[in-house]
Each structure stands twice: as structure tokens, then as C-alpha cells.
Amino acid sequence: MENYDYQSPGPNDSRSPCPALNTLANHGYLPRDGKDITANQLIEAIHKCFNLSKVIAFILSHAGLYLIGKTREGKLSLEDLFNDAIEHPVSLTRPDKGLSEDYRKISPELLDSLFSERNENNQLTRISFARQYIKRRDQSLRDNPNFHGLSLLQKYQIFGEYSLTLLCFPGSEKGRGEEIDADTLRSIYQFERLPDNWEKSELTISMFQLHNLVGDIRGIVDNLDNLDKNKNGKIE
């Protein structure tokens, strides 16, 4: 019988820069040691736990293997994803590579900065993520001499990460893709653990939903940047 209870990783277990994948390993949807994971195991775990479409799961899994040069081998360990082809600056939870010896570790300061964007209902919304992206981007531009901006692909990746968070972990079906409770987000981003009483989406989350939400968040970021330049008005 499969056991999906949470177990914290051991000292020799492999973990990635992605809190969702680490969560899958911590709950046994992926091998708990995080090692020698095949594309099919990734696809099945992502689909089974989060009810993301198999199209999304296929793209994420095979793109990951390709980008880190593991397509022929056909399997990876989670720590392999600490790779310049996948890992990006402007992370919500980890410092940029080169700015900290502990860049692989979650930063309490960055988490505090993220949670400062929650609203009066303890929710983080699309706008919360957009504002935090701008803060992190500007911080990297200021502090990281090796960072000169993000490519279009990196932006899509980052906004895709925000979108998947909002789609997979809303407070209710009505709020799917709109907002996430701060305590729920902390469970995933800080503790890499499925929240208590969390249930996956009743309907499979489609590529269409994901792509549209990426565009919405990108639009909010553009609006906030323009407002900052013009110094007039504010986004509601």
C-alpha cells in the first residue's frame, strides 16, 4: 500500500531548487531519496498529486531532462536541477547563485519579504507575486554583478512557477489561480510539505489555464513597472 505521509529528508537524500518536486519526494510520490527518477515517474507523480494535465507533466519532465543533459540517460536526481540551464536568478526563496555560499538553502529573509505582500485576509494574490518579482528583480540588478536581466524564456519559467503555485494551492476552488493562503504557501515554500487538509483540484489543470495565467501575471508586472515610471495612480 502506497504511503504518502510526510517524511523529512535524510542527510543523504537528494533535493532540488523546486519546492514542489521536493514536496513530492517528501510525501513519497517520488522516490523519497530523490535519486534515479525517470521521466515517467515524474509525469505520474506530478499528475497524481497535483492533478496537472499529463501534457504539462510531460513538458516539465522531459524539458528538465533535456536541459540538464540527461535525456539519453533517462533519469535524474533532484539535486541535478541545481543547474544553470534550469536554476534562475530572482528566486522567491533562494539567493542568487554567487551572492551566498548557501544559495541552495531557503532564505528566511526572502520568505519574510514575500509574505509581507499578503493582503488583509492573509492571502497572496497575483498582484502579490508580481510585486515580489519586481522587488527581487530590482534587488538582483542592484546586488548581483553577473545579472543583467532575464530572457523571455526565464520570465515565462518564473511566471509559470507563480502560476502553478496559484493553480495548485488555492484556499478554495473559487480562488484557484487567484490567491493562496500565506500559511499554505509557507507549508510548500518553506517546509516543502503538503498543507493539512489540502485537496488537489477536482478538475485537471490544463495547459490552457497555465498559459493564460502566465500572461496575466506578466501583464500585471508590466502595469506595475509602467505605474512606477509614471508615478501616477496605483493598481487595484
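Helices here are DSSP runs of H or I with at least four residues, numbered from the N terminus, and in this predicted model one of them is helix H3, which spans residues 54–67 and contains valine 55. Val55 also belongs to a nonpolar surface patch of about 280 Å², which it makes together with Phe58 and Ile59.

Turning to the packing of helices, the axes of helix H1 (residues 19–26) and helix H2 (residues 39–50) come within 11 Å of each other and cross at roughly 90 degrees. Because angles of 65 to 115 degrees count as roughly perpendicular, H1 is described as roughly perpendicular to H2. On the H1 side, Ala20, Leu21 and Leu24 meet a set of residues in H2 made up of Leu42, Ala45, Ile46, Cys49 and Phe50. The residues of this contact comprise 8 nonpolar, no polar and no charged.

Charged pairs appear elsewhere in the description, for the structure holds 13 salt bridges. In one salt bridge, the side chains of arginine 126 and glutamate 178 meet at 3.0 Å, N to O. This pair links distant parts of the chain, 52 residues apart, since arginine 126 lies in helix H5 (residues 126–143), while glutamate 178 lies in the loop between helix H6 (152–168) and strand S4 (179–181).

Note on methods: Residues numbered from 1 in each chain as written. Predicted model: local features only at pLDDT ≥ 70, side-chain atom pairs only at ≥ 80, totals over all residues. Heavy atoms only, no water. Axes fitted to C-alpha atoms, helices over the stretch in contact; angles between N-to-C directions. Helix = DSSP H or I, 4+ residues; strand = E, 2+ residues; numbered from the N terminus. Parallel < 35°, antiparallel > 145°, perpendicular 65-115°, else oblique. Contact = heavy atoms within 4.5 Å. Nonpolar A, V, L, I, M, F, W, Y, C, P; charged D, E, K, R; others polar. Patch = residues over 30% accessible without salt bridge, like charges linked within 9 Å, V, L, I, M, F, W, Y side chains within 5 Å. Areas by Shrake-Rupley, 256 points an atom, 1.4 Å probe, with all protein chains shown as cover. Salt bridge = Lys/Arg side-chain N within 4 Å of Asp/Glu carboxyl O.
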